[in-house]
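Colleague: I have a few bench questions about this model. Please keep the answers short.

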Amino acid sequence: MRAGYETMAVKLLDGKLPEETIGRMEDILEKMKELDVEHFENIFIYDDALHGELVKMVHLPRLYKAWEQLSYGNIISGYGQELDRNLVTSRQYLLHKDLVAACHTGDAHVICKRISDHYMKSITWLLEEQGISEEESGYSLDFLL
């Protein structure tokens, strides 16, 4: 659902993200780049902040509130699983770097595809870490495009 709210926001602006939004996303991305496993809990703070910028930019408080109320998913997936914290920490920057790069294009379809891919990649990694293949799960986010 979070991905759906984010793509809705991007489509409302036809992919033309405000420079301030992209600037804040880049600042958060730099913090992700410096993450280490000793500060694992910051993954969730930075992830929420970066994705939240996509929803905040349309200035619809109810949309942001609905999106924000779904942040428990990050906590459950991060703390409720037996994860390799070093691996999770090291891939956060790369995972979000592609998303921020797409935001620079100004193309709603490219950005929405990257959001979908971003969430799907995260889900795929979690499934793999639990021994479940993407094909076995039957999970897809193609409806967002």
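Colleague: Which loop holds His 59?

Modeller: His 59 sits in a loop between two helices, where helices are DSSP runs of H or I with at least four residues, strands are runs of E with at least two, and both are numbered from the N terminus. This is a predicted model: local features need pLDDT of at least 70, side-chain atom pairs count only at pLDDT 80 or more, and totals for chains, interfaces and linings use all residues. Residues are numbered from 1 along each chain as its sequence is written, and side-chain values use heavy atoms, with hydrogens and water left out. The loop with His 59 runs between helix H3 (42-56) and helix H4 (61-68).

Colleague: Is His 59 buried or exposed?

Modeller: Buried means under 20% relative accessible area, exposed over 50%, and partly exposed in between (1.4 Å probe, protein chains only). His 59 has 67% relative accessibility, so it counts as exposed.

Colleague: What is the phi of His 59?

Modeller: His 59 is not a glycine. Its phi is nevertheless positive, at about 55 degrees.

Colleague: Where does Asp 14 lie, and which residues does Asp 14 contact beyond its neighbours within four places in sequence?

Modeller: Asp 14 lies in the loop between H1 and helix H2 (19-33). Asp 14 also has a positive phi, about 50 degrees, although it is not a glycine. The C-alpha atoms of Asp 14 and Asp 107 are separated by 7.2 Å, with their places 93 residues apart along the chain. Contact means heavy atoms within 4.5 Å, and with those neighbours left aside Asp 14 is in contact with Gly 106 and Ala 108.

Colleague: Which residues touch the most other members of the largest nonpolar core?

Modeller: A nonpolar core is a set of buried Ala, Val, Leu, Ile, Met, Phe, Trp, Tyr and Cys residues joined through side-chain atoms within 4.5 Å. The largest one has 34 residues. The members that touch the most others are Val 10, Leu 17, Leu 54 and Ile 115.

Colleague: Which element gives the most to this core?

Modeller: Two or more residues come from each of H1, H2, H3, H4, helix H6 (85-103) and helix H7 (108-129). The element that gives the most, with six residues, is H3.

Colleague: What does the side chain of Thr 7 reach?

Modeller: Thr 7 lies in helix H1 (residues 2-12). Its relative accessible area is 3%, so Thr 7 is buried. Ile 115 is in contact with Thr 7, and also with Leu 54 and Leu 99, among others. The side chain of Thr 7 reaches, at 3.0 Å, the backbone oxygen of Gly 4.

Colleague: Why is there no bond between Cys 112 and Cys 103?

Modeller: A disulfide is a pair of cysteine sulfur atoms within 2.5 Å, and a search of the whole structure finds zero. Cys 103 is buried at 2% relative accessible area, and Cys 112 is buried at 3%. The closest cysteine sulfur to that of Cys 112 is in Cys 103, and it is too far for a bond, at 9.5 Å.

Colleague: How are the rings of Phe 40 and Phe 44 paired?

Modeller: Rings of Phe, Tyr and Trp (its six-membered ring) pair if their centres lie within 6.5 Å; planes under 30 degrees apart count as stacked, over 60 as edge-to-face and the rest as tilted. The count comes to two aromatic pairs. Phe 40 and Phe 44 are both buried. Their ring centres are 5.6 Å apart and their planes at 85 degrees, so the pair is edge-to-face.

How values were computed
Polar contact = N/O pair within 3.5 Å; in protein donor to acceptor, adjacent residues only side chain to side chain.
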